[in-house]
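Morning, everyone. Please bring the structure up on your screens. I'll keep this short.

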Amino acid sequence: MTLATDIALKPKDFATDQDPRWCPGCGDYAILAAVQRALAKQGVPPHEIATIAGIGCSSRFPYYMATYGFHTIHGRAPAVATGLKVARPDLQVWVATGDGDSLSIGGNHFIHMLRRNVDLKVLLFNNRIYGLTKGQYSPTSELGKKTKSSPQGSVDNPFLPMSLAVGAEGSFLGRSIDVDAKTLADVLAAAAAHKGTALVEILQNCNIFNDGAWDHLSSKEFRADQTILLEHGKPMIFGANRDKGIRLRGLRPEVVTIGEGGVTLDDLWIHDAHDEDPTRAFLLSRMEYPQFPVPVGVLRSVQRPVYDALVNAQVAEQRAAKKANLQGLLNGRSTWLVA
Amino acid sequence: MTASATSAKPREVRDSVVIRFAGDSGDGIQLTGSQFSAASALAGNDTATFPDYPAEIRAPTGTLAGVSGFQLHFASRDILTPGDRADVLVVMNPAALAANRKWLKPNGILIANADAFQAKNLRMAGYAENPLEDGSLADYQLFQIDLSRLTNDALQGYGLSAKEVERCKNYFALGLVFWLFERNGDLVEDEIRRKFATKPLLLEANLKVFHAGWDYGENTELFALRYGVPAAQDIAPGTYRSIAGNEAVALGLVAAAHKAGLELFYGSYPITPASDILHTFAGLKEYGVRTFQAEDEIAAICAAIGAAYGNQLAVTGTSGPGIALKSEAMGLAVMTELPLVIVNVQRGGPSTGLPTKTEQADLLQVLYGRNGESPLPVLAARSAGDAFDTAFEAARIAIKYRVPVVLLTDGAIANGAEPWKIPDVDSLPTIDPNLLDDAAKLDGQPLLPYLREPETLARPWIKLGTPGLEHRIGGIEKWEKTGHISYDPQNHHNMVKARQAKVDAIAAEISPTELAGAAQGDVLVLTWGSPYGAALTAVRELQAQGRAVSHANLRWLNPLPPDLRAILQKFRVVLVPEINNGQLVKVLRAAYALDIQQYNRISGQPLTVAELRDAIVAVLPH
């Protein structure tokens, strides 16, 4: 019944007849297109995929995906998706969520999904603002940000989503910018292939309420100098001239220029996405503008037991070990007869 | 074995006995009580139990806060309640006496562990003088037993520590009361062998102490009589077992899943008094049960909703505070019209309230406690055994009508055990999940996820993973039929009406209301939930005195039975006793505009037969 082996899937096979209701110019359009391309390339047909979302602009995502889909309630997509994945491990389950949805109202479900390592592909649209409610600061908005609900500047210290995810035992952490189609495609492909919770933070522009929030990273002018594309097993090099790199001094990363002060390629931090120890992933998650280039690509990808697989394995083991006998179950340990 | 040996002492036959065990929560009172009730059930008695335990797991030893009680009613006739007051009270320390003396009938048998009535314990229980010695217990038949010393004497030479010896003393007390009431000890001995299978020394010690308790009754001059409660004769034939409400709920749902050919998903967060449902399900994986111990109540129901979307029989269970947290997600299940069973084991509220005590004050919460027009069916179990049938029915309705269903029980039903006539699995109805599982079934028509069945108004339950049936659902208002997002004003009106009409249509499923007594008269006592037993007992007693009193109990609270209005109108007075401030009575007054009377006591304890008899007499014509 799988079509993939016979007929190549196209991105439009994943598009519905519903017109997206995002604002013109929203970064979500690029993300939708990238996901549809990634799914077509992956080759799993639409009926074997479910897309689950919470509430927010990004959470409209399921309506535009020709898969099974569920637009749930604010913050709860990871919980709904967990139940679905446990019940239906045969489906590939994607979660679309935003910074308010998963880091504020749904923070609890977000961390517990990560620690359990449920086999879910999670798209975290981070635009550092509440868009659907028209412009309040979010848990990723920078300190001092002026919004409708913070006219003198926000006094809420923000989360770094990737740091939170490392602390929550995340097994796969990826990051891309909405307009960086190449990196986004690569990260989505890696996330799709990962067994366990694959979290992809997408730095997304809200052109209405927080326009340009990521310009320092996304514009062609700055991208090469202010982001660093992580590649497993390779030295961490960045810059328009590919002459800068990251060196680790103990547990302290620093920016160095290759060829200056005796620095060679051999001195650079070699990215190991599969390092079981989360310490370096945490260091990567702390690399922030302007002190450091912001890492994009796959920050961490390690294998550890997957929740839904463990649950279903226990069910299979018990079924193999014991014979289900409903009448015996109802009878219990001791009965008596009334004649 | 001594426990089946005949006795040289005279016996007195009693029709029924209520015995209450009380001690520190570490004294094994619940275990002692449940073993006595199991032995009584095996002896052919009808039984009903009421565990009355503290919220604290191990409050400081000897304090009032730490007192745990277990009341058992066993009889040679059909009984419906654990009894208002005890014929026999067994107390392990002064605090247990102080907390439970009020439950002992005048001239009742009081068995006290005299060793524990020391200065420190007396002080903690608030006694200035030792009540065993100051004459204040003259109204009772007092038996002072040095349980600790006698247990210690029985275990001379076993090499056990003082603490280990102390832990055996509840078996001495159990052996003594087994002798006193002619119970067969085989079951207790089997249980001791099972429990201490890996600790042969403790196994032998506990058996020794249990026998010593029995022999003490037989050989000392203290007890002149034994009491016999013969097997009940008026119980319907069949195979019986003892069951508590929480286990019955779990078994009813597993049976429903089996009859529907579905796997079962249970999402829950630990909460008193509902956690035993989670524990039971966790041990039933070979029946296709998956349990999800969630990070919170919200995740528990949301995961269940995800599993319902994935075509499993989805269940979430909790108590009142958990329902408060689940409310938004209950609305999502209403909106997405997915099958879901929501179990609420009610406890005392509001807020944290009385976690280990019983109450019925969540009825209005489950009926109305959500944003928007959010109707859902509500059923209530009346007893532990009835919880099986009610749970099965809740699941059947959820699946047939594609609707979240609330099943109400309460702390008394959840933990109280009663004999249960085991149903024959083959006799349970088959449930057709009627999944839309093949695009060919659409006959070339477009998929309409909100197309309604004419009779039930149910929408299709679409098998996920089926090619050509991909569709999207969610919490935003739906277009009729297509299920697409809609903000159309008239469509919203129509959908609000459709969701209500679907719940109303379930009334067709409700069997005629059963009346105990005549179809007309002076008073109809109308109950829901756990007051059923006490109310029916009180009504039977008054009927025996020739009073024109009848009783009915409601399993269905939404929708209400279609015949109910006509029944209520046939009585001069309708009296609704509830362990709340008058919730069903509000619903009935609003539904029927009838003048209905209420009786309420909200103390965390079950309603008693005596108080209901008084309440009925108060509204009878003089």
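In chain B, the C-alpha centres of domain 1 and domain 2 lie 35 Å apart. Bear in mind that this is a predicted model. The domain assignment of chain B puts domain 1 at 2-228 and domain 2 at 242-423. Domain 3 follows at 435-508, and domain 4 at 515-619.

Now the contact between those two domains. Domain 1 of chain B puts in 14 residues, and domain 2 of chain B puts in nine. Which elements supply the domain 1 side with at least two residues each? Helix 1 and strand 3, residues 46-52, of chain B. Strand 3 of chain B has the largest share there, with six residues. By class, this side of domain 1 of chain B has nine nonpolar residues, four polar and one charged.

Stay in chain B for two strands. Strand 9 and strand 16 of chain B run antiparallel and are joined by five bridges. If you want one pair to click on, take B:Y240, whose bridge partner in strand 16 of chain B is B:K421. Is strand 16 of chain B mostly enclosed or open? Four of its five residues, 417-421, are buried, so strand 16 of chain B is largely enclosed by the rest of the structure.

For contrast, go to B:P10. B:P10 sits in the segment before strand 1, residues 11-13, of chain B. Count the C-beta atoms around B:P10: there are 8 others within 10 Å. The cut-off for exposed is 12 or fewer, so B:P10 is exposed. One distance from there: the C-alpha atoms of B:P10 and B:Y158 are separated by 34 Å. Along the chain, B:P10 and B:Y158 are 148 residues apart.

Next, the contact between the chains. How many residues does each chain bring? Chain B brings 53 and chain A brings 49. On the chain B side, several elements supply at least two residues each, among them helix 1 (29-42), strand 9 (238-244), helix 9 (245-260) and helix 12 (320-336). Helix 11 of chain B, residues 297-309, gives the largest share, nine residues. The chemistry of the chain B side splits into 31 nonpolar, 13 polar and nine charged residues.

Strand 19 of chain B, residues 472-474, is also among the elements on that side. Strand 19 of chain B pairs with strand 2 of chain A, residues 68-71. The pairing is parallel, over three bridges. Within that pairing, A:F70 has B:I473 as its bridge partner.

That takes us into chain A. Look at helix 2 of chain A, residues 77-87. Eleven of its eleven residues are buried, so helix 2 of chain A is largely enclosed by the rest of the structure. The buried residues include A:K85, as well as A:T82 and A:G83.

Last stop, a sheet in chain A. Three strands of chain A form an open sheet in the order 10-11-12, with antiparallel pairing. Which strands are at the edges? Strand 10 (237-238) and strand 12 (252-257) of chain A, each pairing on one side only. Strand 11 of chain A, residues 244-249, pairs with strand 12 of chain A over six bridges. To find that pairing on screen, look for A:L248, which stands opposite A:P253 in strand 12 of chain A.

That's my tour. Over to you.

How values were computed:
Residues are numbered from 1 along each chain as its sequence is written. Chains are lettered from A and ligands numbered from 1 in the order in which they are written. This is a predicted model: local features need pLDDT of at least 70, side-chain atom pairs count only at pLDDT 80 or more; totals for chains, interfaces and linings use all residues. Two strands pair if DSSP finds at least two bridges between them. Two residues are in contact if their C-beta atoms, placed from the backbone, lie within 7 Å. Ala, Val, Leu, Ile, Met, Phe, Trp, Tyr, Cys and Pro count as nonpolar, Asp, Glu, Lys and Arg as charged, and the others, Gly among them, as polar. A residue is buried if 20 or more other C-beta atoms lie within 10 Å of its own, exposed if 12 or fewer, and partly exposed in between; C-beta atoms are placed from the backbone. Domain bounds come from an automatic or database domain assignment.
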